[in-house]
Amino acid sequence: MINEVDDLDWEEFGLDVPELVRRVAAGDGGALDDLLGILWHDYDFQGHEPIARALPFLIELLDVPALDRVALLDVMIEINERHTAPDGEEPTGLWAAAAWQAVLDGAPAYLRLLLDDPTADAEIRARAAHLLGAGVPRGSQAVAVMERRSREDPSPVVRACLMLAVEMTGAPTAPLLDGWLADPEPLPRLVAALIAPRPPVEAACRDLAASIPLLALMPVVGDDAVTFLCERLHGQWELLVALLDSWLAHEDAATRRMAIPGAAFAIKAWRPALARLAPGLAQCLNPDADASSRWTARGILEIFAHAGTGGAVAADDLWLLIETHRGKDWDSDVLTATSFALATLCEMRDTRVGSYVADQLAAPDIDWLRLDLQVVERLGPWAAATCRRELLRHVVLAEDGELHLGAVKALARMSTAGDSDINDVVAALRARIHSRVHALPGRRPRPEVFCRLLGELGPVAAVALPDLRALLDHEAADVRIEAARAVFRISGTAAEALPLIRTGLESDDRVRALALLAELGSAGAEFADAVRDLVASEDSLIATRAAIAYWRVNLDAEPVVPALLRHLESGDLGVRAGAGAVIPRVSAKSEFDPIKEERATARGDAVRCLAEIGAEAALPMLRRTMTTDVRQIWTGELKAVAQDAEWVRLCAQALASIES
């Protein structure tokens, strides 16, 4: 067949493929590198047509022992994975499909490598076995051969690859699976446990430690065994968490570190994972300053920082880490790890954090890098006794452009109308409305934040009303809306807000306008008809805000409950539709998205509204949230753990309110 390569037209690609193929067939390894370079590694420039045309010849070259057949097989594996990956971005088209089909059609060649070629080592046979899983159809006679080799191949890696390949052609029989589970080597037994419908969890955990180095030799695993396990065991949370917990107990520190991303993924996806993995994660903490342990601490502490009280098992270790590095020059890993440690202690309401913050604020040169990253934003009333005075001092005395917004918000969270110095707090907030804030582009003012904070203090902030009313015609819509909200909260007067709502409902600011209208309640009754029309909006955020506002202005629940439930259960507000909903891959990333943050606030307001109404139609959704172990809030970020906990809290309150 090699000679047929001349029958195809390669000139349009500017490639001398026929000559290279003949040289490769003669055993020229350098020619193989050139051939793969122009056909595959440059496919972004050439498209799939050249590789699709050449694959039948490449598959024939697998019978040439002198060649780097691992490289050839790796190309075929990559083509298969790009075509079948659930989140792949590979362009589709006829030639892409043709390339994939050519890989599948190579099954006879892969079978020869597995059975008949004495020169094919375990590395080659493992790749051939992997490709057979994709290329051998169910019911093929080759399946029986693969089953036999899955018990007889001398390499445990090849046997493990064949087990997965056989599974891809159909579920293995019970006797075959029992034989796999009794394999003399740990890696095949582990893979058999991953396949088994009722996996032997304890045995799999025992086999894991010895299997970790060999997992990397399986083509389906590669250099990221933890990702393989997380994706392979998606939905089998009991086994996955047990394996990760066992992994975290491995005697080798570098091996333990490999499990941290998997632990984070499991904790983000499955509620019981946090309690089960937290002790093992805590055992991996090490305050010593070598680079590897700093990286480990950073990963573990990022998990704890978003895990509520889940990090309590490591509280003393966290404080030891903070004290070990206090006052030292930090690299970025130590800085981040220590900030996460402080954040974790914040979640546990540990008053030592307040004292730490007070010491930092009292220093001649405040090291905001230690405070801004994760800490000040988490301070609450629990820390008032230890650091509120220093926060107030910063808000009063900070130079223009050096005022830190996190400190301002923390001070407001710690303040109530009954505080003896509340007038000083109001005066400080009022005086800084137009101050430029540190660490923002241009260090610009953020008056909308100060409006919101003053409004939350209520009537005690009446002295600030002139300043707030002066902002009602500010050029920025968010500032105008927040100023109107603050005026209403402080004075109870809706007159200033009504014109802004009227304008906002007809502009791109309707979400903010609807949120403000909901606060006004019956004072905004004139907008009821216009808002009812928006309840039917296809935009989930607009529809949700409109439904809440419509209920608040006239207490008519008839269109409200179906709308809120529809958007909560659709997933548009970030609530997973059920335990079977898709969770992204372990490696999936999620960037900050302001709209996502708005939807998080809206879903909380929606469930509160359902509780106000006493909506019995919401009971199934609320009960499902309370009874499932799969997290209902998924963003790909660790902070979704806290968001899910808050969602459970809100649903529990609503459930109790409606049932009573």
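**First stop: helices α10 and α12**

Select helix α10 (residues 156-168) together with helix α12 (residues 186-195): the two pack at an angle of about 15 degrees, and their axes are 8 Å apart. The model on display is a predicted one. Angles under 35 degrees count as roughly parallel, and α10 and α12 are therefore roughly parallel to each other. Viewed as a crossing, the pair is right-handed.

Now display the side chains at this contact. On the α10 side, select P156, V157, R159, A160, M163, L164 and E167; they meet L187, P188, V191, A192 and I195 of α12. Sorted by class, this contact holds 10 nonpolar residues, no polar residues and two charged residues.

**Second stop: R149 in helix α9**

Move next to R149, which is found in helix α9 (residues 141-152). Is R149 buried or exposed? With a relative accessibility of 15%, R149 counts as buried. To see what surrounds R149, select L114, L115, R125, P154, R159 and L162; these are its contacts once neighbours within four places in sequence are set aside. One of them, R159, was also selected at the previous stop, as part of the α10 side of the contact with α12.

**Third stop: the whole protein and its core**

Zoom out to the complete model. The secondary structure comprises 37 helices and zero strands. Of the 660 residues in the protein, 54% are buried. Among contacts with a separation of 6 or more, 67% are between residues 24 or more positions apart.

In soluble globular proteins, nonpolar side chains tend to be buried together. In this model, the largest nonpolar core has 238 residues. Which of its residues touch the most other members? Select M76, Y110, M218, L243, L277, L301 and L379 to display them.

From that group, centre the view on M76. Apart from neighbours within four places in sequence, M76 is in contact with L55, L58, I59, L62, V103, Y110 and L131. Y110 thus appears among the contacts of M76 and in the list of residues that touch the most other core members.

**Fourth stop: helices α20 and α22**

Select helix α20 (residues 315-325) and helix α22 (residues 351-362). Their axes come within 12 Å and cross at roughly 15 degrees. The two helices are therefore roughly parallel to each other. In passing α22, α20 makes a left-handed crossing. The residues to display are A315, D316, W319 and I322 from α20, with R352, V353 and Y356 from α22. This contact divides into five nonpolar residues, no polar residues and two charged residues.

**Fifth stop: two residues with positive phi**

Select R349, in the loop between α21 (332-347) and α22. Although R349 is not a glycine, its phi is positive, at about 60 degrees. The relative accessible area of R349 is 47%, which makes this residue partly exposed.

Then select L555, in the loop between α33 (540-554) and α34 (560-569). Here too a residue other than glycine has a positive phi, with L555 near 60 degrees. Is L555 buried or exposed? The relative accessibility of L555 is 60%, and the residue counts as exposed.

**Sixth stop: L465 and helix α28**

Go to L465, in helix α28 (residues 465-469). L465 counts as buried, at 12% relative accessibility. Leaving out neighbours within four places in sequence, the contacts of L465 are V487, I490 and S491. For a distance check in the viewer, pick the C-alpha atoms of L465 and F488: they are separated by 9.8 Å, while the two residues lie 23 residues apart along the chain.

**Last stop: helices α29 and α31**

Finally, select helix α29 (residues 477-491) and helix α31 (residues 510-520). At what angle do their axes cross? The crossing is at roughly 5 degrees, and the axes come within 10 Å. The angle makes α29 roughly parallel to α31. From α29, display D478, I481, A484, R485, F488 and R489; from α31, display R512, A513, A515, L516, E519 and L520. By class, this contact has seven nonpolar, no polar and five charged residues. F488, picked at the sixth stop for its distance to L465, is thus one of the α29 residues in the contact with α31.

Technical notes. Residues are numbered from 1 along each chain as its sequence is written. This is a predicted model: local features need pLDDT of at least 70, side-chain atom pairs count only at pLDDT 80 or more; totals for chains, interfaces and linings use all residues. Side-chain values use heavy atoms; hydrogens and water are left out. Axes are lines fitted to C-alpha atoms, for helices over the stretch in contact, and angles run from 0 to 180 degrees between N-to-C directions. Helices (H or I, at least four residues) and strands (E, at least two) are DSSP runs, numbered from the N terminus. Angles under 35 degrees count as roughly parallel, over 145 as roughly antiparallel, 65 to 115 as roughly perpendicular and the rest as oblique. A crossing is left-handed if the near helix is turned anticlockwise from the far one by less than a right angle, and right-handed if clockwise. Contact means heavy atoms within 4.5 Å. Ala, Val, Leu, Ile, Met, Phe, Trp, Tyr, Cys and Pro count as nonpolar, Asp, Glu, Lys and Arg as charged, and the others, Gly among them, as polar. A nonpolar core is a set of buried Ala, Val, Leu, Ile, Met, Phe, Trp, Tyr and Cys residues joined through side-chain atoms within 4.5 Å. Buried means under 20% relative accessible area, exposed over 50%, partly exposed in between (1.4 Å probe, protein chains only).
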